[in-house]
Amino acid sequence: IGGSDMYRQQILDHYKNPRNYGEIEDATFTHVGENPMCGDTIEMDIVLDDDEDTIEHVAFRGDGCAISQASASMLSEKLQGMSVEDLEALDRDDVIDMLGVDISPMRVKCAVLAEKVAQDGAEIYFGEKDLDKTRTEEDD
Ligand code: FES
Ligand code: FES
């Protein structure tokens, strides 16, 4: 992981002490995604408010490299209170900014796995995407 020490420490801390790790039983939606290159997974539970436009709670669990798991942990904090619209507008640059380190092209899929899981989950829940065609399988 390139970049400043402070950000590297932050990533390792999130990896070792993941925030919001676990399960939410009555989540509005749950989605699991896999990095097909390595088989690492992240599963995320998201609770929306009554109007279904704001994220109230997030929990995740997963198995994978430090970047994918730290990214999920950091994203789980960032998403609380965020609108669904803003979630759907997140892109890889937002995730890389959040991580604060240089991400090599090889590791971009690790960095964005959690973001894709959250977005795919929302898009499937709102009927904007077919279950069998998730973005984690697309080559972007
Ligand atoms: Fe190989 Fe992330 S998939 S480094
Ligand atoms: Fe698998 Fe990073 S090596 S997600």
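# A walk from His57 through the sheet and its helices

Select His57 to start: it is partly exposed, with 18 other C-beta atoms within 10 Å. (A residue counts as buried with 20 or more other C-beta atoms within 10 Å of its own, exposed with 12 or fewer, and partly exposed in between; C-beta atoms are placed from the backbone.) Before moving on, a word on what you're looking at. This is a predicted model, where local features need pLDDT of at least 70 and side-chain atom pairs count only at pLDDT 80 or more, while totals for chains, interfaces and linings use all residues. Residues are numbered from 1 along each chain as its sequence is written, and chains are lettered from A and ligands numbered from 1 in the order in which they are written.

**Stop 1: around His57**

Which residues does His57 touch, leaving out those up to four places away in sequence? Show Ile24, Val47 and Gln80. (Contact here means C-beta atoms, placed from the backbone, within 7 Å.) Now pick Gly121: its C-alpha atom is 14 Å from that of His57, although 64 residues separate the two along the chain.

**Stop 2: the sheet**

His57 belongs to strand 3, so to speak of its neighbours we need the strands. (Helices, H or I of at least four residues, and strands, E of at least two, are DSSP runs numbered from the N terminus; two strands pair if DSSP finds at least two bridges between them.) Colour the three strands and you have an open sheet in the order 1-2-3, paired antiparallel. Strand 1 and strand 3 are the edges, each pairing on one side only. From one strand to the next, the twist averages 15 degrees.

Select residues 29–34 for strand 1, which pairs with strand 2 over six bridges in the antiparallel sense. Look for Phe29 opposite Ile46 in strand 2. Six residues lie between the strands of this hairpin, and there Gly39 takes a positive phi near 85 degrees.

Next, take strand 2 (residues 41–48) with strand 3 (residues 55–63): eight bridges, antiparallel again. Glu43 stands opposite Arg61, and Leu48 has Ile55 as its bridge partner. This hairpin also has six residues between its strands, and Glu52 in the turn has a positive phi of about 60 degrees.

**Stop 3: helix 2**

Now highlight residues 66–79. At 1.5 Å a residue, the 14 residues of helix 2 should span 20 Å, and its end C-alpha atoms are indeed 20 Å apart. (The expected span is 1.5 Å times one less than the number of residues.) Is helix 2 enclosed or open? Twelve of its 14 residues are buried, so the rest of the structure largely encloses it. Among the buried ones are Ile67, Met74 and Lys78. Helix 2 lies across strand 2 and strand 3, at about 170 degrees to strand 3. (Axes are lines fitted to C-alpha atoms, for helices over the stretch in contact, and angles run from 0 to 180 degrees between N-to-C directions.) Just past the helix, Gly81 takes a positive phi of about 90 degrees.

Add helix 4 (92–99) to the view. The axes of helix 2 and helix 4 come within 10 Å and cross at roughly 100 degrees. The two helices are therefore roughly perpendicular, the word used for angles of 65 to 115 degrees. Where they meet, show Ser71, Met74, Leu75 and Lys78 in helix 2 with Val95, Met98 and Leu99 in helix 4.

**Stop 4: helix 5 and the core**

Select 108–125, which is helix 5. Helix 5 lies across all three strands, strand 1, strand 2 and strand 3, at about 135 degrees to strand 1.

How many residues are in the largest nonpolar core? There are 26, and Ile42, Met44, Ala111, Ala114 and Ala118 have the most contacts inside it. (A nonpolar core is a set of buried Ala, Val, Leu, Ile, Met, Phe, Trp, Tyr and Cys residues joined through C-beta atoms within 7 Å.) Helix 5 gives the most to this core, with eight residues. Finish on Ala118, which touches Met44, Ile46, Leu75, Leu79 and Leu87, not counting residues up to four places away in sequence.

Definitions and conventions:
Expected span 1.5 Å × (residues − 1). Contact = placed C-beta atoms within 7 Å. Parallel < 35°, antiparallel > 145°, perpendicular 65-115°, else oblique.
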